[in-house]
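User: I'd like to learn how to read aromatic contacts in a structure. Could you walk me through them?

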Amino acid sequence: MNKEKITYASIVIPVYNGEQYVERCIDSCINQKTNYKYEIIIVNDGSTDNTVNELKQYKYHNKVHIYNIEHVGISNALNYGIINSKGKYIIRMDVDDEMYNDRVDYQIHYMETHE
């Protein structure tokens with residue numbers, strides 16, 4: 001598949017039953033101090049807790065793309081997010097992770113200078 005990459009990075013976060021972490025995780029991604037274009041891809045892997053409701057607050061955020069899929073496991077959910085990404089680079093996160101506010105800048109700079 002030859003898909004044009006229009007953003008620098010796609011942050012891909014597979015989520016399964018992450019209601020207690022997901023808001024903090026996404027907010028840390030949204031609050032990046034960077035001039036690079038990036039997107040946040042959340043793949044809800046068939047969560048059975050309140051994750052779906054937690055994700056609704058991001059439904060209209062311009063950087064956040066939410067995919068709700070049947071439970072297929074973390075590896076398949078991650079692959080689903082990567083397939084649907086538009087970024088030149090992939091930054092993978094777990095739902096219980098948080099980003100320092102300069103991580104996108106740091107990682108893109110590193111990848112651009114070490115290609």
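Analyst: We'll go through the ring contacts here one at a time. This is a predicted model, where local features need pLDDT of at least 70, side-chain atom pairs count only at pLDDT 80 or more, and totals for chains, interfaces and linings use all residues. Residues are numbered from 1 along each chain as its sequence is written, and side-chain values use heavy atoms, with hydrogens and water left out.

User: What makes two rings an aromatic pair, and how many are there?

Analyst: Rings of Phe, Tyr and Trp (its six-membered ring) pair if their centres lie within 6.5 Å; planes under 30 degrees apart count as stacked, over 60 as edge-to-face and the rest as tilted. By that rule, you get two aromatic pairs. Take tyrosine 8 and tyrosine 36: their ring centres are 4.8 Å apart with planes at 70°, so this pair is edge-to-face.

User: And the other one, tyrosine 67 with tyrosine 80?

Analyst: Tyrosine 67 and tyrosine 80 are edge-to-face too, at 5.5 Å centre to centre and 75° between the planes.

User: Is tyrosine 8 buried or exposed?

Analyst: Buried means under 20% relative accessible area, exposed over 50%, and partly exposed in between (1.4 Å probe, protein chains only). Tyrosine 8, at 36%, is partly exposed, and tyrosine 36 is as well, at 25%. Tyrosine 67 comes in at 22%, partly exposed, and tyrosine 80 at 32%, also partly exposed.

User: Which charge sits over a ring?

Analyst: The test is NZ of Lys or CZ of Arg within 6 Å of the ring centre and within 35 degrees of the ring normal. Here, lysine 63 lies over the face of tyrosine 38, 4.5 Å from the ring centre.
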